[in-house]
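Colleague: I'm new to this one and would like a close look at a single part of it. Could you pick a spot, tell me what surrounds it, and then work outwards from there?

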Amino acid sequence: MTKLALGTHPFLLGFEQLERLVERTAKSGNDGYPPYNIEQTSENSYRITLAVAGFAESDLAITVEDSALVIRGRQDDDSDGRVFLHRGIAARQFQRSFVLADGVDVGEAVIENGLLHVDLTRAVPDKVIQTIAIRKG
């Protein structure tokens, strides 16, 4: 049996990038930390919420790189001179990536009560009907 790729289907012209996008997303290798939610806040807007308790604003960086929203967190280890009998809250760094579709813009980011909220909006494209003239050859 022959495997048919998305980019080679005769009715999907110009969708070769979609197959690469799916492969890139599958290889992202996110380990589940920090936990996050993605919610649809309206027909054309979304909100990503990450649990970043213990991280200050200066410990977090949000960038858009190559059509991906990348959120990084890095805490300084402030355990100098402190003696822990149990250390269950470690200074841990993370990187979370979310692939963005064309036309999705990153809005504001707000941190409150240990949760980082990042708002996204999707631009609604104008519907275009184009008539192609036929000429004799």
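Modeller: Let's begin at D59, which touches G54, R72, G73, R74 and Q75 once residues up to four places away in sequence are set aside. Keep in mind as we go that this is a predicted model. D59 sits in the loop between β2 (45-51) and β3. It's a buried residue, yet D59 has no salt bridge. The nearest side chain of opposite charge belongs to R74, and that one is 8.6 Å away. A salt bridge here needs a side-chain nitrogen of Lys or Arg within 4 Å of a carboxyl oxygen of Asp or Glu. So D59 touches R74, but has no salt bridge.

Right after that loop, look at L60, which stands opposite G73 in β4. G73 is also one of the residues D59 touches. The two strands here, β3 and β4 (residues 68-73), pair in the antiparallel sense over 6 bridges. They belong to an open sheet of 3 strands, in the order β3-β4-β5, with antiparallel pairing. β3 (60-65) and β5 (94-99) are at the edges with a single partner strand each, so one side of each has no neighbour in the sheet. From one strand to the next, the twist averages 15°.

Now go back to R72, another residue that D59 touches. R72 does have a charged partner: it forms a salt bridge with E65, and the closest N and O atoms are 3.0 Å apart. As a general point, side chains of opposite charge can pair when their charged atoms come close. Both members of this pair are partly exposed, R72 with a relative accessible area of 28% and E65 with 34%.

How many salt bridges does a search of the whole structure find? It finds 2. Besides the R72 and E65 pair, there's one between R47 and D119, where the closest N and O atoms are 2.8 Å apart. R47 is in strand β2 and D119 in strand β7, so this pair ties together parts that are 72 residues apart in sequence. Buried or exposed, then, for D119? D119 counts as buried, at 18% relative accessibility, while R47 is partly exposed at 23%.

That second salt bridge takes us to another sheet. This one is open too, has 4 strands, and runs in the order β1-β2-β7-β6 with antiparallel pairing. Its edge strands are β1 (36-42) and β6, each of which pairs on one side only. The twist here averages 20° from one strand to the next.

Let's walk across it. β1 and β2 run antiparallel and are joined by 6 bridges, with E39 standing opposite R47 in β2. That's the R47 from the salt bridge with D119. Next, β2 pairs with strand β7 (residues 115-122) in the antiparallel sense over 7 bridges, and Y46 stands opposite L120 in β7. Last comes strand β6 (residues 104-112), joined to β7 by 7 bridges and antiparallel to it; V110 there stands opposite H117 in β7. β6 and β7 make a hairpin with 2 residues between the strands, and N113 takes a positive phi near 50° in it.

One more residue is worth a stop: V106, in strand β6. Leaving aside neighbours within four places in sequence, V106 is in contact with V64, L69, L100, V118, D119 and L120. V64 falls within β3 (60-65), and L69 within β4 (residues 68-73), so you can follow these contacts back towards the sheet we started from. V106 and V118 are 12 residues apart in sequence, and their C-alpha atoms are 7.4 Å apart in space. V106 itself is partly exposed, with a relative accessible area of 30%.

Finally, step back to the whole protein. Its secondary structure comes to 1 helix and 7 strands, and along the sequence the pattern reads α-β-β-β-β-β-β-β. Of the 137 residues, 19% are buried, and D59, where we began, is a buried one. The accessible surface comes to about 10,900 Å², with 53% of that belonging to carbon and sulfur atoms. Among contacts between residues at least 6 apart in sequence, 50% join residues at least 24 apart.

Terms used. Residues numbered from 1 in each chain as written. Predicted model: local features only at pLDDT ≥ 70, side-chain atom pairs only at ≥ 80, totals over all residues. Heavy atoms only, no water. Pairing = 2+ DSSP bridges. Axes fitted to C-alpha atoms, helices over the stretch in contact; angles between N-to-C directions. Buried < 20%, exposed > 50% of the residue type's maximum accessible area, 1.4 Å probe, protein only. Lys, Arg positive; Asp, Glu negative; His and termini not counted. Contact = heavy atoms within 4.5 Å. Areas by Shrake-Rupley, 256 points an atom, 1.4 Å probe, with all protein chains shown as cover.
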